[in-house]
Amino acid sequence: MKVKRYLRLLGIQLKASGLLSLQYRADFFTEGLTSLFWTFTALAPLFVVYSERPNLEGWSFGEALLVVGWFTLLQGILEGAINPSLTGVVEHIRKGTLDFVLLKPADAQFLVSTQRFQPWRAFNVLTGVGLFVYAFMHLGRWPSVTGLLASVLLLGTSTLLLYSLWILTVSAAFFVVRVDNLTYLFTSIFDFARWPSSVFQGVGRGVLTLVFTYVIPLALMTTFPAQAMLGRLPPQSLVGAVVGAGLFAWGSRQVWLRSIRRYTSASS
Amino acid sequence: MSARTTLRAFPTLLRVGFAEAVAYRAEMLIWVLSTTMPLVNMVLWMAVSREAPVGRFGEADFISYFLATFAVRQLATSWAAWLINWEVKQGTLAMRLLRPISPLWAYAVESIAAFPMRLMVAVPVILLSVALVGQKAVPQHAWQWGFFVLAVIGGWAVAFLANVAIGALCFFLESSQKVLEVWLVLFFVCSGYMYPVELLPPTLRTLIDWLPFRYQIGVPVELLTANYGWEESLRLLAAQWAWVAVLGALAAVTWKQGVRRFAAFGG
């Protein structure tokens with residue numbers, strides 16, 4: 001019963017956002033152009049590195065391109081589906097209008113997370129898929145069916161992880177007021193996910209790799225799905241990613257519930 | 001708006017700006033932490049150069065290069081374009097225009113006044129670089145230090161003036177945020193922020209020599225770490241300040257033409 005109600009709510013929220021973005025159809029093209037342009041910054045270092053070396057920590061050019069593809073795709077999801085809603089939450093907390101959300105007879109986390117979608121911003125998803133195609137053409141082969149299925153599953157866990165990390169960031173808004181630049185901090189940490197995680201294993205005897213696998217699970221978000229596409233992700237890593245993402249989501253939910261208790265509204 | 005009023009207002013503006021920088025120190029720290037890109041690239045290039053050096057760059061050279069990039073980025077930076085866009089949209093630029101001093105000076109001083117706080121981040125990073133890499137991470141001669149300081153000021157001027165010119169475009173375009181994005185992408189790719197421009201193929205390098213981006217970050221960093229001789233240093237510095245002059249003229253013209261079109265909404 002409850003699930004059905006929430007699905008209907010999600011439908012309504014999606015419809016409202018969809019109608020809103022139909023008013024700004026031209027944005028599709030400007031966002032598309034900027035997306036392609038920004039992809040350039042992700043690719044430029046790749047080209048420079050691989051003009052020096054054919055292989056970097058066991059990743060060839062085409063393989064590393066897959067990681068960039070996943071990075072770009074997740075960026076699309078982040079900017080189209082996660083960012084718009086959650087920056088709204090920060091505004092709500094600052095202005096005290098979160099009251100109105102809390103009063104509604106539905107889960108607050110659900111409501112704030114679905115309040116706004118910006119489909120045009122998700123253009124990066126298309127760019128990411130384009131990069132996959134290019135990468136595999138470069139590699140001269142196509143992914144196996146099981147590899148593709150595993151990577152689709154990992155797309156789900158990556159999105160869940162990204163969303164949970166965002167919930168954690170937003171929860172910080174209950175403690176410190178100025179959080180708008182926390183979003184920049186988040187994006188810049190996400191920058192590390194542009195590269196295969198094995199690149200970082202030389203730093204501090206692998207400490208950085210451990211951090212990016214278990215603390216801020218960036219490796220799980222881009223490197224694992226790319227490995228799955230290439231068909232070289234061990235099954236236990238796949239299971240680990242699914243379980244880990246579930247645990248992470250549960251943990252961030254607990255933090256959100258605790259943080260929201262500290263919400264005191266604004267006096268103005 | 002005589003030069004004398006501007007000059008007299010300067011010390012006060014600096015004091016206000018400094019007080020603001022101190023008041024928002026936590027926010028500044030977050031901004032500093034969000035410029036991690038040189039560190040990402042440092043780790044990456046360390047991995048690349050572990051087996052064999054790339055050009056003249058070994059692992060240690062990459063460490064000193066990217067730590068210097070991180071430090072210079074804290075100083076040679078400006079967010080004026082964003083600020084101008086915001087103030088024009090909100091109509092709050094009207095308040096600034098009422099004052100007997102050009103808003104451009106106010107923006108400049110605001111940014112300069114944050115220098116002491118930003119140095120508190122940049123200097124330790126350079127010291128760290130010396131601790132990790134040794135003497136060769138910094139210049140050996142006093143004159144090279146002088147050139148480096150001039151280059152950092154020049155780098156800041158390039159960033160600030162380009163920002164003003166782009167910001168002033170919003171008088172014509174409603175919003176120049178997209179132009180700013182284009183500038184930023186070119187900056188990332190061409191400035192030496194993500195990789196030393198030396199590693200690019202020669203044709204691209206000649207092109208970049210003629211563009212302003214390298215003079216914001218790449219040139220100050222190279223003057224700090226690359227141990228250039230007199231001639232090379234002088235040539236780079238001259239090119240940088242030529243760009244400062246060009247961008248200065250560009251900023252002055254677009255601002256002057258643009259601000260006439262300003263109409264304050266709301267308020």
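Colleague: How many salt bridges turn up across the interface of chain B and chain A?

Modeller: Keep in mind that this is a predicted model. The side chains of B:R50 and A:E57 meet in a salt bridge, at 3.4 Å from N to O. Across the interface of chain B and chain A, the rule gives a count of 1.

Colleague: And how many residue pairs are in polar contact between chain B and chain A?

Modeller: Both partners need pLDDT 80 or more to be counted here. With that filter on, the number of residue pairs in polar contact between the two chains is 4.

Colleague: Which helix of chain B gives the largest share of the side that touches chain A?

Modeller: On that side of chain B, the elements giving two or more residues are α2 (25-33), α3 (37-49) and α11 (177-190). By class, the side has 23 nonpolar, 4 polar and 5 charged residues. The largest share, 9 residues, comes from α3(B).

Colleague: What area is buried between chain B and chain A?

Modeller: The contact takes 32 residues from chain B and 31 residues from chain A. Carbon and sulfur atoms give 74% of the buried area. On the chain B side, B:V40, B:L44 and B:V185 supply 19% of what that chain buries against chain A, more than any other three residues. The area for the pair of chains comes to about 2,900 Å².

Colleague: Let's go over all chains now. How far apart in sequence are the parts that B:R56 and B:E198 tie together?

Modeller: By this rule there are 13 salt bridges over all chains. One of them joins B:R56 to B:E198, with the closest N and O atoms 2.9 Å apart. B:R56 lies in the loop between α3 and α4 (59-75) of chain B and B:E198 in the loop between α11 and α12 (202-210) of chain B, so the parts that the pair ties together are separated in sequence by 142 residues.

Colleague: On to empty space. What is the volume of the largest cavity?

Modeller: Searching the whole structure turns up 4 cavities of 30 Å³ or more. Lining the largest cavity are B:S78, B:W79, B:A80, B:L83, B:Y107, B:E110, B:S111 and B:F160. In that lining, α5 (80-90) and α7 of chain B each give two or more residues. The volume of this largest cavity is about 60 Å³.

Colleague: Which element gives the largest share of the lining of the second largest cavity?

Modeller: This cavity has a volume of about 50 Å³. Its lining is made up of A:T41, A:P45, A:D191, A:R194, A:W195, B:M37, B:V40, B:N41 and B:M194. At least two residues each come from α2 (27-52) of chain A and α3 of chain B. The largest share, 3 residues, belongs to α3(B).

Colleague: How many residues of the lining of the second largest pocket are nonpolar?

Modeller: The second largest pocket has a volume of about 330 Å³. Its lining has 16 residues, and B:S102, B:L104, B:W105, B:F160 and B:L161 lie nearest the centre. Of the lining residues, 2 are polar and 2 are charged. The nonpolar ones number 12.

Colleague: And which helix gives the most to the lining of the second largest pocket?

Modeller: The elements with two or more residues in that lining are α7 (103-113), α9 (142-168) and α14 (230-259) of chain B. The one giving the most, with 6 residues, is α14(B).

Methods: Residues are numbered from 1 along each chain as its sequence is written. Chains are lettered from A and ligands numbered from 1 in the order in which they are written. This is a predicted model: local features need pLDDT of at least 70, side-chain atom pairs count only at pLDDT 80 or more; totals for chains, interfaces and linings use all residues. Side-chain values use heavy atoms; hydrogens and water are left out. On a 1 Å grid over the protein atoms alone, a cavity is a set of points where a 1.4 Å probe fits but cannot get out, and a pocket is an open set with protein on both sides within 12 Å along at least five of seven lines; lining residues have an atom within 4 Å of a point. Grid points are joined across faces, edges and corners, and a volume is the space filled by probe spheres set on the points. Helices (H or I, at least four residues) and strands (E, at least two) are DSSP runs, numbered from the N terminus. Ala, Val, Leu, Ile, Met, Phe, Trp, Tyr, Cys and Pro count as nonpolar, Asp, Glu, Lys and Arg as charged, and the others, Gly among them, as polar. Contact means heavy atoms within 4.5 Å. Buried area is the accessible area (1.4 Å probe) that two parts lose on being put together, summed over both. A salt bridge is a side-chain nitrogen of Lys or Arg within 4 Å of a carboxyl oxygen of Asp or Glu. A polar contact is a pair of N or O atoms within 3.5 Å; within protein, one must be able to donate a hydrogen and the other to accept it, and residues adjacent in sequence count only if both atoms are side-chain atoms.
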